[in-house]
Amino acid sequence: RAAKVSRLIEIGEKWKEKTLKGTPSLFRDDANKNIYILSMFPYPSGILHIGHLRVYAISDSLNRFYQQKGYNVIHPMGWDAFGLPAENAAIERNIDPSVWTAHNIEKMKSQMGNMLANFNWERELTTCHPDYYKFTQLIFLKLFKNGLAYQKESEINWDPIDKTVLANEQVDSQGKSWRSGAIVEKKLLKQWFLGITNFAHDLRSDLKALKNWPSKVKAMQNNWIGESAGSDIMFETNDPQFNFIKVFTTRAETLFSVEYLALSLGHPIVKKRASSSSAFEAQVESAQALDEDSKKGFLIPDITAFNPLTKKKIPVYVASYVLDNYGHGAVMGCPAHDDRDFLFWKENNGESPIIPCLAPYPSTTQSNELPFISQEAVMSKGTGEYEGLFSTEARIRITNKLQGMSLGENVILYKLRDWLISRQRYWGTPIPIVHCDHCGPVPVPESELPVVLPEVKGLNSKGNPLSQIPEFVNTKCPSCGEPAKRETDTMDTFMDSSWYFFRFLDPNNDKLPFSYDKATKNMPVDLYIGGVEHAILHLLYSRFISKFLASIGMWDGTQLKNEPFKRLVTQGMVHGKTFVNPQSGRFLKPDEIECTSDSEKPFLIKGTEIEPKISHEKMSKSKYNGADFNECIAKHGPDATRAHILFQAPIEDVLNWDENKIIGVERWLLKTMTLASSISQKGSFKLEYQIPSDLNQAEAMFHNAIQKLLSSITNSFERYLSLNTVISDYMKLTNLLDGAMRNGQVREEMLMLNLKKLATVMYPVVPSVSEELTEIINKSQNWEWNQYKWISVEPTMESKEKSFQIVVNGRMKFMHVADKDFIKGNRDVILSQLMALPEGKKYLSNKRIKKLIMKNNVISFILDKK
Ligand code: ANZ
Ligand code: ZN
């Protein structure tokens, strides 16, 4: 077996160079048949892991399938190369991040080659190269000029020892810096934001146009955007400075049950009070330490608000459950109809009565216990003109009434916040802005791009690296020419990846990020494949930037609402086989495990009789369950590895990686080659041979079964993206051919014809074995046939023959295959033919035929029982 398997490795080597090129371009004849298949580009960490193997095996199989169908497939690859890991590696190893990154890219590229992934390397891009980030900067400037990039004070994580800003991921669960161990502080810093909220409406409503996205992902985006339709309501106050408090509510009809207003800790009124009273400030600070879910609060003295409808006087509280950055940082408290308000009021106002203004529909069995939060409600007594109205109708009328009084209006609110892109780190795209004392923030002229990221010697983790380079910082104001300072923040790497799919279409354009025509012609991406971990941020940012670029006329994607990705596939995670010692609960390394020959107890902990506990879990170093697919390729060859990972699970499901199970796929691949040799040796065949019309019965069944599989394979690629069933169909096809060859009922020409089809449809998944099969066939036949054109599924055929059941005295005795018009012939001829058969002799001879009935496929004899 080992020798046989090594053949798969050799074949992989033998055809590597050829398969890496994909099908020859002359087969992609129709210039207008384009398809764009994209897998999310990787971070160049230096090692391709098994999750990458899975995505690229999927995208490359589809790539090759569409090439065979004659499409021009755009199947590019590039590198999402800015970001913290490179910066940290550079600090640790004292090398330039660009050197580290370039080295990693080389390694990963060669691993992609080992798995036979056919990418359009002529389109390769790297986000940390100036010829790419120059245009990331240009897009930033376009946003800036359209009022969609602005600076605002915002809270950051501050490491007081390293004097640096930390990303959320760099703060551990105890609130300490991952590097210095210092307690991380919150600090306000002026930072750059992008106005994604201006697109909130479209980002939400255009999800409906994305028919080929997983509904799970659309639901996640929908929640993240968080649209809420409601009303703004103004409450007059007795405060001389703040005459009104504005609240946002989705339940304006509950206005009659308002007992209090609650303000967030950052509300202007609260801030004002805190600045003039240290006792009040202390209260605010202690409330700050509470979490949002806490229902604690305190009264603001000397301020009263008035209900705009009832004119009732109500107290104003500060409450930690009111969020600063949602709505107006203020809520109208309705203890009778809202859970949180109910708890707050209980906690802070003891026993004072809670008065509802809504009741259940009269005919329902809902309990009217408080808080009564159902919206299937009618307005209670005491609500005047609204009494008896449904909750939803009263809501509209009340808001309209308030609007007439200029005390309310309908609004739509979003949870989505503007996108904070400032990073106080080195390894990112510099923000192309100059700060001038006279002119404020001034954009660097487009003609001066890129603002090059300067080289840094001895990069360290302290402070903001760019701000420590005077030659970078000090410059002239592009507007007035006075000395000025460059912006020293770099951009969030999500900015780099928010437009790379456009650049792939025009990677060498040095004037523009991409040409209008190329983008308009090839966008949206037809199929985007990647991890579900990007379901929110990356996909949302990409949608935003695509819509923005369309809004300024850089491309036209109106046929799909200027959306970048037509179909999205999120592949499942790959889990690794994990061994745990059942006694200690400790994770075990592979070399602590021994394989047994006992199928009941296949594994033991070495040197013991203890069976380890086995599960499949997310791969991690601490669980020793990582699998290196490079080793797998070295041991089993690229084709078996690709087919195995596709075979093990449907694309979207979790895949439990078990290298041992690759045997099934290996056996199949070896069998195809044996089969190819056997059929090829049967004779010399005509290259143009077509399916004959005079099929015998076995041939017709064979033909029809093959067509069914070919059609299933085509549909699995094209419609269902069901690549695991593709592999099982390959195996069925192989077995069908093998069976037909063994039983000899199908003519050899047909075996050869279908062997060629097998080699053809296998190409997308196992390109080098497909090449080998082709070579076996061509050598034996002296052909120059190739497998690069996808097969067409033929109509099913009927045999010229039919099986007849021979029934004797009511019992089925034997079958006879004959021309389908057999029973329409002369009775004596029929009888003599049947009598000539061995079974005929046995059951029919020397008996007197009392009756003979022939109908459909039944020939029934009634014989004398003597
Ligand atoms: C009165 C009321 C009565 C409310 C009732 C609900 C039920 P969504 O749907 O998520 O948009 N709210 C408004 N601003 C808030 C803030 N800054 N922090 C915390 N909560 C805030 O939620 C809207 C509801 O959340 C609003 O409607 C408001 O409470 C509260 F029976 O107003 B409601
Ligand atoms: Zn200036």
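**Figure 1. Strands β31 and β32 form a hairpin in this predicted model.** Let us start with two neighbouring strands. Strand β31 covers residues 801–808 and strand β32 covers residues 811–819; the two are joined by 8 bridges and run antiparallel. To find one of the pairings, look for Gln 805, whose bridge partner in β32 is Met 815. Between the strands of this hairpin there are 2 residues, and Asn 809 has a positive phi near 45°. Most residues other than glycine have a negative phi, and most peptide bonds are trans.

**Figure 2. The chain is divided into five parts, domain 1 to domain 5.** Stepping back for a moment helps to place the close-ups. Domain 1 combines residues 33–127 with 497–571, and domain 2 combines 142–195 with 431–490. Domain 3 is residues 227–414, domain 4 is 575–636 and domain 5 is 801–863. The centres of domain 3 and domain 5, taken over C-alpha atoms, are 92 Å apart.

**Figure 3. Helix α19 has many buried residues.** How far apart are the end C-alpha atoms of α19? Helix α19 runs through residues 697–720, and its 24 residues at 1.5 Å a residue should span 34 Å; the end C-alpha atoms are 32 Å apart, which agrees. At the N-terminal end, Asn 696 acts as a cap: one of its side-chain oxygens is 3.0 Å from the backbone nitrogen of Ala 698. Buried residues of α19 include Phe 702, Ile 706, Leu 709, Leu 710, Ile 713 and Phe 717. An α-helix has 3.6 residues a turn, so residues three or four places apart point the same way. Among the elements covering the buried residues of α19 are α2 (50–68), α20 (723–743) and α21 (748–762).

**Figure 4. Arg 64 is a buried residue of helix α2.** Is Arg 64 buried or exposed? Its relative accessible area is 0%, so Arg 64 is buried. A polar atom of the Arg 64 side chain lies 3.0 Å from the backbone oxygen of Thr 19. Leaving aside neighbours within four places in sequence, the residues in contact with Arg 64 include Thr 19, Gly 22, Leu 116, Arg 642, Tyr 763 and Pro 767.

**Figure 5. An open sheet has 4 strands in the order β20-β19-β22-β21.** The pairing in this sheet is antiparallel. Strands β20 (440–443) and β21 (474–476) stand at the edges with a single partner strand each, so one side of each has no neighbour in the sheet. From one strand to the next, the twist averages 45°. Strands β19 (residues 433–436) and β22 (residues 483–486) are paired over 2 bridges, and Val 434 has Arg 486 as its bridge partner in β22. Helix α5 (residues 130–145) packs on the sheet and touches β19 and β20; its direction makes about 130° with that of β20.

**Figure 6. An open sheet has 3 strands in the order β29-β26-β30.** Here the pairing is mixed. At the edges are β29 (613–618) and β30 (655–657), each of which pairs on one side only. On average, neighbouring strands of this sheet are turned by 40° against each other, direction ignored. Strand β26 (residues 574–580) runs antiparallel to β29, with 6 bridges between them. Lys 577 stands opposite His 616 in β29.

**Figure 7. Strand β5 pairs with β7 and with β6.** Strand β5 (residues 149–159) runs antiparallel to β7 (residues 185–194), and 10 bridges join them. Trp 158 stands opposite Glu 185 in β7. The pairing of β5 with β6 (residues 164–166) is also antiparallel, over 3 bridges, and Asn 157 has Leu 166 as its bridge partner in β6. The hairpin of β5 and β6 has 4 residues between the strands, and Lys 163 there takes a positive phi near 50°.

**Figure 8. Lys 311 and Leu 721 have a positive phi although neither is a glycine.** Lys 311, with a phi of about 65°, lies in the loop between β11 (297–306) and β12 (313–319). At a relative accessible area of 52%, Lys 311 is exposed. Leu 721, with a phi of about 45°, lies in the loop between α19 and α20. Leu 721 has 10% relative accessibility, so it counts as buried.

**Figure 9. Cis peptide bonds come before Pro 450 and Pro 524.** The bond joining Leu 449 and Pro 450 has an omega of about 0°, and Pro 450 is in the loop between β20 and α12 (470–473). From Met 523 to Pro 524, omega is near 0°; Pro 524 is in the loop between α15 (516–522) and β24 (527–531).

How values were computed
Residues are numbered from 1 along each chain as its sequence is written. Chains are lettered from A and ligands numbered from 1 in the order in which they are written. This is a predicted model: local features need pLDDT of at least 70, side-chain atom pairs count only at pLDDT 80 or more; totals for chains, interfaces and linings use all residues. Side-chain values use heavy atoms; hydrogens and water are left out. Domain bounds come from an automatic or database domain assignment. Two strands pair if DSSP finds at least two bridges between them. The expected span of a helix is 1.5 Å times one less than its number of residues. Buried means under 20% relative accessible area, exposed over 50%, partly exposed in between (1.4 Å probe, protein chains only). Contact means heavy atoms within 4.5 Å. A polar contact is a pair of N or O atoms within 3.5 Å; within protein, one must be able to donate a hydrogen and the other to accept it, and residues adjacent in sequence count only if both atoms are side-chain atoms. Axes are lines fitted to C-alpha atoms, for helices over the stretch in contact, and angles run from 0 to 180 degrees between N-to-C directions.
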